[in-house]
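Reader: I am new to protein structures and would like to learn how the terms are earned. Could you walk me through this one?

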Amino acid sequence: MSGTSQTVVQHGASGGSSAGQACACPECEGAIRFDRPPLRSQVVRCVSCGVELEVIETAPVQLALAPEVEEDWGE
Ligand SMILES: [Zn+2]
């Protein structure tokens with residue numbers, strides 16, 4: 001884990017590309033906000049409906065419903 005969490009940069013209103021990214025949940029259209037730029041294949045959870053979403057694209061951010069993972073992966 002990295003210790004520093006001072007990545008809150010809010011520069012001018014226009015042209016911002018990475019800070020404060022937000023996306024709409026494809027399931028409920030609730031706002032998904034990222035504290036830091038999301039990574040592709042990252043899975044986030046919608047705080048509104050609880051569905052798991054996978055980041056399929058980062059520029060711009062696109063979310064897709066993450067496949068339901070049944071307990072298949074456990075070794
Ligand atoms: Zn949702």
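**How the labels are earned**

Author: Gladly! The protein chain has zero helices and five strands, and its elements run β-β-β-β-β from the N terminus on. Please keep in mind that this is a predicted model.

Reader: How do you know how far to trust the protein chain, in terms of pLDDT?

Author: The predictor's confidence in each residue runs from 0 to 100. For the protein chain the mean pLDDT is 80, and 69% of its residues reach 70 or more. Over residues 11-16, though, the pLDDT is below 50, and this stretch has two contacts in the model beyond near neighbours in sequence. Where pLDDT is low, the predicted coordinates should not be read in detail. Among the strands, mean confidence is lowest in strand 1 (residues 22-24), at 89, and highest in strand 4, at 95.

Reader: What makes strand 3 and strand 5 edge strands?

Author: Start with the order. Three strands form an open, antiparallel sheet in the order 3-4-5. Strand 3 (43-45) and strand 5 (61-65) each pair on one side only, and that is what earns them the name of edge strands. Neighbouring strands of this sheet are turned by 40° against each other on average, direction ignored.

Reader: How do you know that strand 4 and strand 5 pair?

Author: Pairing requires at least two bridges between the strands. Strand 4 (residues 52-58) and strand 5 have five, in the antiparallel sense, so they meet the requirement of at least two. You can look up individual partners: Thr58 stands opposite Val61 in strand 5, and Glu57 has Gln62 as its bridge partner there. Strand 4 and strand 5 form a hairpin, with two residues between them.

Reader: And what joins strand 3 and strand 4?

Author: Three bridges, again in the antiparallel sense. One of the partnerships is Arg45 with Glu52 in strand 4. These two strands also form a hairpin, this time with six residues between them, and Gly50 in the turn has a positive phi of about 85°.

Reader: Why is Arg40 called exposed?

Author: Exposed is the word for a residue with 12 or fewer other C-beta atoms within 10 Å. Arg40 has 12, so it is exposed. Arg40 lies in the loop between strand 2 (31-33) and strand 3. Leaving aside neighbours within four places in sequence, Arg40 is in contact with Val55, Glu57 and Thr58. Arg40 and Glu54 are 14 residues apart in sequence, and their C-alpha atoms are 7.8 Å apart in space.

Reader: What makes the phi of Glu29 and of Ser41 worth pointing out?

Author: Most residues other than glycine have a negative phi, and most peptide bonds are trans. Glu29 is not a glycine, yet its phi is positive, about 65°. Ser41 has a positive phi too, near 75°. Glu29 sits in the loop between strand 1 and strand 2, while Ser41 is in the loop between strand 2 and strand 3.

Reader: Are Glu29 and Ser41 buried or exposed, and how do you know?

Author: Glu29 has 11 other C-beta atoms within 10 Å, so it counts as exposed. Ser41 has 10 such neighbours inside 10 Å, so it is exposed as well.

Reader: What is the peptide bond between Ala59 and Pro60 called, and what is its omega?

Author: It is a cis peptide bond, with omega about -5°. Pro60 is in the loop between strand 4 and strand 5.

Reader: Which residues make up the largest nonpolar core, and what makes it a core?

Author: The six residues are Cys25, Ile32, Cys46, Leu53, Val55 and Leu63. They count as a core because they are buried nonpolar residues joined through C-beta atoms within 7 Å. For a sense of the surroundings, take Cys25: not counting residues up to four places away in sequence, Cys25 touches Gly30, Ile32, Cys46, Ser48, Cys49, Val51, Leu53 and Leu63.

Reader: How much of the protein chain is buried?

Author: Buried residues make up 9% of its 75 residues. To be called buried, a residue needs 20 or more other C-beta atoms within 10 Å.

How values were computed
Residues are numbered from 1 along each chain as its sequence is written. This is a predicted model: local features need pLDDT of at least 70, side-chain atom pairs count only at pLDDT 80 or more; totals for chains, interfaces and linings use all residues. Two residues are in contact if their C-beta atoms, placed from the backbone, lie within 7 Å. Helices (H or I, at least four residues) and strands (E, at least two) are DSSP runs, numbered from the N terminus. Axes are lines fitted to C-alpha atoms, for helices over the stretch in contact, and angles run from 0 to 180 degrees between N-to-C directions.
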